[in-house]
Amino acid sequence: MSTTQIFKNPRAKHGFKGRTCSITSVGSYVPERVLTNAELEKLVDTTDEWITSRTGIKQRRLAADAEFTSDMAAQAARRALENGGLTSDQIDLIIVATITPDMLFPSTACLVQQKLGARRAAAFDIEAACSGFIYALEIGQQFIMSRTYETVLVIGAERLSSIVNWKDRNTCVLFGDGAGAAILQHRPDAHGLLTACMGADGEKAMLLCMPGGGSRIPATADSVEAGLHHLQMDGKETFKCAVNAMLNAAQEALRRCEVDISQIKLVIPHQANRRIIDAVSERLGVRPDQVFVNLDKYGNTSAASVAIALDEAVTQGRIQRGDLVLMVVFGAGLTWAAAVVEW
Ligand code: ACO
């Protein structure tokens with residue numbers, strides 16, 4: 001454990017019977033195709049000025065026709081493996097967080113396992129929408145802490161362009177495609193993932209959903225005609241819930257670790273809307289230089305959002321070993337989560 005400890009590890013009350021779990025490397029991938037606000041002006045009744053001022057988004061990435069969630073996930077994973085000096089046969093478990101799996105089944109994680117040639121790895125998906133990456137980190141951590149596995153690959157990956165209604169200006173301007181990956185391992189002398197506060201409110205499940213395609217409304221000509229296979233959202237209500245839930249989760253995570261927000265080197269919030277990020281940041285009392293923002297380039301990539309941002313923050317040198325990082329997310333479900341990590 002580090003000598004100059006400036007926080008409390010909530011797991012210490014259990015006498016560290018489990019091992020600590022660190023994020024030992026990260027990687028990300030975004031598709032080449034850029035869709036600008038100017039191009040969207042030609043698709044729906046919108047303007048660059050509206051999108052920029054109401055959301056902060058300037059452009060987003062779109063997957064190629066034959067590029068699927070599993071392809072982007074595998075690319076991000078290859079980069080994380082390379083950055084960590086690891087090979088795919090060292091992976092014990094693959095968890096993919098996504099709401100846009102290649103298919104309802106088999107899991108996208110199994111397709112990624114095949115693409116990586118990670119034959120030893122168990123594999124499954126989890127679905128917690130935009131909160132999926134932190135949910136998956138917390139799940140993956142359990143396997144490291146319990147000494148079940150040595151190396152867990154966690155991926156957030158989305159091809160949201162395939163479920164967006166490109167005729168609905170309320171939603172199509174917001175989303176993009178991409179993937180981010182993290183390797184979880186025990187690193188001696190490090191606390192790593194200190195805590196993750198997760199929450200959900202199924203009462204508000206219908207605020208943000210895709211009604212068709214599951215067992216409730218299987219695909220029929222009528223369901224397709226009615227647009228039930230597209231993402232639907234009550235933006236205004238979702239916005240309010242997002243600010244409150246992210247703030248509460250972040251404060252609870254900090255409280256558990258007895259960390260003041262001023263000790264956090266970088267806050268990496270879910271990249272959905274600049275106004276949500278600003279409202280949460282202001283209420284948390286963080287300085288602008290403490291907050292990582294890249295949604296101007298990618299829009300909301302749901303489960304991939306914080307994973308891509310984390311990789312970019314590391315690549316840009318904004319996080320160094322020993323720094324405290326706060327990640328905070330919110331999404332459909334409703335779901336939310338906040339994690340404090342000693343990098
Ligand atoms: N271009 C121009 N006008 C638009 C557009 C657009 N692209 N979209 C909506 N408008 C119009 C609306 O029709 C409305 O017009 P009206 O007043 O004539 O009806 C007006 O702009 C204002 O609409 P609001 O909904 O009030 O706009 P708001 O300021 O709330 O911003 C937004 C909308 C950006 C969707 C915002 O509510 C938001 O970001 N919500 C949260 C989204 C989110 O965080 N999702 C989280 C998770 S996503 C996941 O889990 C997959």
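Glu-39 and Arg-33 form a salt bridge in this predicted model, and the closest N and O atoms of the pair lie 3.1 Å apart. Neither partner falls below the 20% relative accessible area under which a residue counts as buried: Glu-39 has a relative accessibility of 27% and is classed as partly exposed, while Arg-33, at 39%, is likewise partly exposed. Side chains of opposite charge can pair when their charged atoms come close.

The search that identifies this contact, run over the whole structure, finds 15 salt bridges, and one further example sits within a helix. Glu-252 is bridged to Arg-256, with 3.2 Å between the closest N and O atoms. Why are Glu-252 and Arg-256 separated by about one helical turn? The two residues are four positions apart in helix α8, which covers residues 235-257, and therefore about one turn of the helix separates them. As for their surroundings, Glu-252 is partly exposed with a relative accessible area of 27%, and Arg-256 is partly exposed with a value of 32%. The pair also belongs to a wider arrangement, in which Glu-252, Arg-255 and Arg-256 are linked in a network of salt bridges.

Another salt bridge joins residues that lie further along the chain, namely Arg-287 and Asp-289, whose closest N and O atoms are 3.0 Å apart. Here too both partners are partly exposed, Arg-287 with a relative accessibility of 44% and Asp-289 with one of 48%.

From these charged pairs one can turn to helix α5, which runs over residues 132-145 and contains 14 residues. From its first C-alpha to its last, α5 reaches 20 Å, which is close to the 20 Å expected at 1.5 Å a residue. How many residues of α5 are buried? Eleven of the 14 are, so that the helix is mostly covered, burial being taken as a relative accessible area under 20%. The buried set begins with an unbroken run made up of Gly-132, Phe-133, Ile-134, Tyr-135, Ala-136, Leu-137 and Glu-138. Further along α5, Gly-140 and Gln-141 are buried as well, as are Ile-144 and Met-145. The list thus includes Glu-138 and Gln-141 beside residues such as Phe-133, Ile-134 and Leu-137. Beyond the end of this helix, the backbone has a feature of its own: just after α5, Arg-147 adopts a positive phi of about 65°.

How values were computed:
Residues are numbered from 1 along each chain as its sequence is written. This is a predicted model: local features need pLDDT of at least 70, side-chain atom pairs count only at pLDDT 80 or more; totals for chains, interfaces and linings use all residues. Side-chain values use heavy atoms; hydrogens and water are left out. The expected span of a helix is 1.5 Å times one less than its number of residues. Buried means under 20% relative accessible area, exposed over 50%, partly exposed in between (1.4 Å probe, protein chains only). A salt bridge is a side-chain nitrogen of Lys or Arg within 4 Å of a carboxyl oxygen of Asp or Glu.
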